[in-house]
Amino acid sequence: MSSNLLDTIPPEGYSPHQQSKPACPTLYRSIPIPAPSRVFSSQHASHDRISSRASSTPVEQPHQLPKMEEAMKQHFFYHGKPDTDPSEAEKCHWCQIRSFKTHKKLPITIVNEAKGDERKEVLNPDFKFIDHSIPSDDVPIAGASFRTGCNCADDEQCMYSTCECLDEMAPDSDEDMSDAPPARGRRMQKFQYHHSGTKAGLLKSRILDSREPIYECHDGCSCSKNCPNRVVERGRTVPLQIFRTKNRGWGVKCPVDIKKGQFVDKYLGEIITSEEANRRRAESTVSDKKDVYLFALDKFSDPDSPDPLLRAPPFEVDGEWMSGPTRFINHSCDPNMRIFARVGDAVDKHVHDLALFAIRDIPAGEELTFDYVDGGLAEEDAGGLVPDDKKKDMTKCLCGTKKCRGFLW
């Protein structure tokens, strides 16, 4: 039997008394079928489950849909009809991703073409797709009266020292200046993006090779939505596909080429206090698996900062149960992307964005990855010098690259 639910769509003119037609047939035919499940992220496809997996592929029963297609059936055949239970549609992964503004041009799709037991996996029904991070009630967000933006008269001025949004960036060097216009008597700030030619909108090499934060214009600024300094602000520009890997749970790839320096997407989730993050770690059955989903917003943390929010323990983003497609991106010791702290309004430094950029050209179909600890494991650990008593408590890395350090943490 075919593994693709598309083959079950009734032909045009088929009697509804014989079989119900899909509630959204156009979407049903045009989009590679997506599927939901809970990522064991990069390293954490449960080892016990992997090692005990049966070597033979189970034989499907006649007329029985694979689990993923069965999970999608309710959405594609019934959701959108007048008698659909709203609460059921609200929990539907396909309804969630279809509600995103980017859906028609830049769809998120979910597929499971794996073999054996992995074929049975679907996204956890308790997971929810979101297109922006959601702060919890105890995370302070600045009101409109505290917000400021640049007063640049035109978008081009947002690349120069007169743009208030670039105040905290160091002056530009000679590197990557070939695309810069005459300085008009002003020295160009360390504007992070190329602004013309084939590299327009790509992050400059020196920023890619650094860990520097990115400062952008935002909704509170006078410049337009087309400002060259609003790359992350404008959002994702590529379609993404969540797929089932052989041994690392779910992963993410892109069906089109991605250029070095190109913004891919943000890591999203619920923004919570450090106390709440620690409570969730303690409640998790496997605490290091919980750490896969938690990202501390500590880029600007400083015990001597005049801002009390930056002096305090950093807030964290928890993407385990609500997030976007990047929550399913796996770890690699030789990644093709890196996370950068991105700031719009300066009052939001304590809740800055986590923006993923390609650090090399990524061909269509290659799995997207980033380093969960950004090279944090000591070099001697990678050389096999970790004591045996320490190894038993460490999380083994499954990235399989030549640069694999052996352990995640």
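How many of the five residues of strand S5 (residues 240-244) are buried? Select S5 and keep that question in mind while we get our bearings.

**Before you click**

This is a predicted model, where local features need pLDDT of at least 70, side-chain atom pairs count only at pLDDT 80 or more, and totals for chains, interfaces and linings use all residues. Residues are numbered from 1 along each chain as its sequence is written, and side-chain values use heavy atoms, with hydrogens and water left out.

Start with the whole protein on screen. Its secondary structure comes to 12 helices and 15 strands; both are DSSP runs, numbered from the N terminus, with helices being H or I of at least four residues and strands E of at least two. Of the 409 residues, 48% are buried, where buried means under 20% relative accessible area, exposed over 50%, and partly exposed in between (1.4 Å probe, protein chains only). The protein exposes about 20300 Å², and carbon and sulfur atoms supply 51% of that; accessible areas come from the Shrake-Rupley method with a 1.4 Å probe, and for residues only the protein chains shown count as cover. Among contacts (heavy atoms within 4.5 Å) between residues at least 6 apart in sequence, 71% join residues at least 24 apart.

**Stop 1: strand S5 and its sheet**

Back to S5: five of its five residues are buried, so the strand is largely enclosed by the rest of the structure. Show the side chains and you will find Leu240, Ile242 and Arg244 pointing one way, with Gln241 and Phe243 pointing the other.

Now add strands S1 and S6. Together the three make an open sheet in the order S1-S5-S6, with mixed pairing; two strands pair if DSSP finds at least two bridges between them. S1 and S6 stand at the edges with a single partner strand each, so one side of each has no neighbour in the sheet. From one strand to the next, the twist averages 25 degrees, with axes being lines fitted to C-alpha atoms (for helices over the stretch in contact) and angles running from 0 to 180 degrees between N-to-C directions.

Look at the S1 side. Strand S1 (residues 108-111) runs parallel to S5, joined by four bridges. Isoleucine 108 stands opposite leucine 240, and threonine 109 has glutamine 241 as its bridge partner.

On the other side, S5 and S6 (residues 250-253) pair in the antiparallel sense over four bridges. Glutamine 241 appears again here, opposite lysine 253 in S6. S5 and S6 form a hairpin with five residues between them, and glycine 249 in the turn has a positive phi of about 70 degrees.

**Stop 2: a four-stranded sheet**

Next, select S3, S8, S9 and S10. This open sheet has the order S3-S8-S10-S9 and mixed pairing. Strand S3 (134-135) and strand S9 (294-296) stand at the edges, each with a single partner strand, so one side of each is left without a neighbour in the sheet. Strand S8 (residues 270-272) pairs with strand S10 (residues 316-318) in the antiparallel sense over three bridges, and glutamate 270 has aspartate 318 as its bridge partner in S10. Add helix H8 (residues 274-283), which lies across S8, S9 and S10 and runs at about 110 degrees to S8.

From S9, follow the chain into the loop between S9 and helix H10 (308-311), where you will meet serine 305. Serine 305 is buried, with a relative accessible area of 8%. Leaving aside residues up to four places away in sequence, serine 305 touches Leu310 and Arg311.

**Stop 3: helix H3**

Select residues 67-78, which form helix H3, and colour Met68, Glu69, Met72, His75, Phe76 and Phe77: these are buried. Turn the view to look down the helix axis: the buried residues fall within an arc of 165 degrees, so they line one face of H3. That arc is taken from the directions from the helix axis to the C-beta atoms. Just after H3, check glycine 80, whose phi is positive, near 100 degrees.

**Stop 4: valine 232**

Finish in helix H7 (residues 231-234), at valine 232. Valine 232 is buried, with a relative accessible area of 1%. Beyond residues up to four places away in sequence, valine 232 touches Tyr193, Glu216, Phe263, Lys266, Arg342, Ala355 and Phe357. Draw a distance to leucine 356 as well: valine 232 and leucine 356 are 124 residues apart in sequence and 9.3 Å apart in space, C-alpha to C-alpha.
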